[in-house]
Structures are given as C-alpha cells and as structure tokens.
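Let's walk through this fold together, a stop at a time. Keep the viewer open and follow along.

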Amino acid sequence: MTDIAGRQRDLRAMLIAAKIVPVLTIERVADAVPLARALVAGGVRTLEITLRTAAAIDAVKAVIADVPEAIVGIGTVLSAADFEQAHKLGARFTVSPGATPALLEAAAQSDLPLLPGVATASEVMQARDYGFDTLKFFPAEQAGGRAMLRAWAGPFPDLRVCPTGGITEANAAEWLGQPNVLAVGGSWICPTASIRAGDWAGITAMCARTMKSLSPG
Ligand code: 3PG
C-alpha cells in the first residue's frame, strides 16, 4: 500500500519552496556539475534534468554525486521503464510531458513522486483516477495559458500545477500569481547558448535576479 496522498503533499511542498524548476537539456556530461552549481548559487536548487540527450544519465549521476545541495529530478519520463530508471538513479522526483495509464500506474505504486503532464480536462480526470492532483500543465502557453487554468479551477478546485512551455522571465510572475500554480518550469532560466558557452556566472545572475523578482517584499 503506497501513500500517494502523502507523496503529493511532499511534491507540493517541494514545488512551493522551489518557485522555479529549470528544465535542463544537457548535451555534455562535463557541463552538468558546473551548471547545477551555477543554478544553486543563484538560489535555484530544484532541477529537472531531461532524458533528451545521450549525456542525460551520466549528467544525473554526476549532479547527484557532486552537488548535494541540488534536488535532482528527472524529466521527459515517457514510459514506466524511464520511471524505473529514474528510481534506480536516485532521482528525488520525476516529470513527464503526458499522463499515460502505464506511467500513472507505475508511479502510483512507487515511493518516487511523479509530476504527470496534462493539457486537457480529460487528462486531468485520468490523472485524478490514479490519485494524482499535482500536475504539470504542458505546454502551458500553447494549451490555453492562464485562462485555461482559471477555467479548470471551477471543476477541479483541488488541482495544483507546475506550468511549463512558454514560461519566460517576463511572464513567470503572472503565472506564479495564479492560485492553482505552485511553481513554474522552463528552459528560459538556463538557455542552451549559455550552457554551450559555459556562462555559469550569467546563469547564476539570471537565477538570482529572477528569484528576487518572484519573492514577495
Ligand atoms: C518542457 O519540457 O517542460 C518544456 O519543453 C519547457 O518548455 P520551454 O522550453 O518553453 O520552457
């Protein structure tokens, strides 16, 4: 018997504390640790490393081993096999762009939290059927934006989301201001060009600036 409600509570608390979850696509393993350190130095500790590159698995291993301050999640989890791999690697959470029954079933039975992706009311309902009410709204801008979330608040008052897809420095605060948004995710906070250039100081500065702009007071 797994405590899915407890895991959802923990995931919510983690996302609220994070405010921003960078979606990281790491092309070179050697970039992983300096990138994670740059993000942490800018106040961004909760990281999603996507399974989109050949370097992803070794990048996850390196960050978990060498950057203990980072809370490492694995994203682009597309199957139960990916989910199991994330578990074996020691991820603290997982993220998927969609919500297939196979993946929801695997995650419902596991102690590893999953943030499943949804873009329609029926997908929200399917995720709820498996006990998930903390979801990734993806692709957020393209699938209806903040107006969509306001519409969902009627039938799904308990739903809480982390939107990703089209979030930018310019709109992050507006997204975070929605009552059903816990944190925002995206790649804008660590642009590919900055990673390729090894501009770690620039990434730290952008994180620090954005975190400050999102903090009340
Ligand atoms: C994701 O994988 O969550 C999105 O591709 C991130 O979207 P963005 O690149 O528009 O931030």
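Pro139 sits in the loop that links β7 (134–137) to α7 (145–152); helices (H or I, at least four residues) and strands (E, at least two) are DSSP runs, numbered from the N terminus. Look at the bond just before this proline: Phe138 and Pro139 are joined by a cis peptide, with omega about -10°. Before going on, a word on where this comes from: the model is predicted, with local features needing pLDDT of at least 70 and side-chain atom pairs counting only at pLDDT 80 or more, while totals for chains, interfaces and linings use all residues. Residues are numbered from 1 along each chain as its sequence is written, and side-chain values use heavy atoms, with hydrogens and water left out.

What does Thr164 contact, leaving aside neighbours within four places in sequence? Its partners include Phe138 and Pro139, the two residues of that cis bond, as well as Lys136, Phe137, Ala140, Gly185 and Gly186. Contact here means heavy atoms within 4.5 Å. Thr164 itself belongs to the loop between β8 (160–163) and α8 (172–176). Its relative accessibility is 4%, so Thr164 counts as buried (buried is under 20% relative accessible area, exposed over 50%, partly exposed in between, with a 1.4 Å probe and protein chains only).

Now for the interior. The largest nonpolar core has 61 residues, and Leu39, Phe132 and Val184 touch the most other members. Such a core is a set of buried Ala, Val, Leu, Ile, Met, Phe, Trp, Tyr and Cys residues joined through side-chain atoms within 4.5 Å. Helix α2 (residues 29–41) supplies the largest share of it, seven residues. There's also a second, separate core of twelve residues, with Leu11, Met14, Ala18 and Leu182 among them. Back in the main core, Phe132 has contacts beyond its sequence neighbours that include Ile4, Leu104, Leu114 and Pro116.

Met14, from that second core, is part of helix α1 (residues 4–18). With 16% relative accessibility, Met14 counts as buried. Not counting residues up to four places away in sequence, Met14 touches Thr46, Ile71 and Phe93.

Follow α2 again and you'll find helix α3 (residues 56–66) packed against it at an angle of about 40°, the axes being 8 Å apart. Axes are lines fitted to C-alpha atoms, for helices over the stretch in contact, and angles run from 0 to 180 degrees between N-to-C directions. The pair is therefore oblique: angles under 35 degrees count as roughly parallel, over 145 as roughly antiparallel, 65 to 115 as roughly perpendicular and the rest as oblique. Which residues meet there? Val29, Ala32, Val33, Ala36 and Arg37 in α2 come up against Asp58, Ala59, Ala62, Val63 and Asp66 in α3.

Two backbone oddities round off the tour. Lys19 isn't a glycine, yet has a positive phi of about 65°; this lysine is in the loop between α1 and β1 (20–24) and, at 21% relative accessibility, counts as partly exposed. Thr76 isn't a glycine either, and its phi is positive at about 55°. Thr76 is in the loop between β3 (71–75) and α4 (80–89), and is buried with a relative accessible area of 13%.
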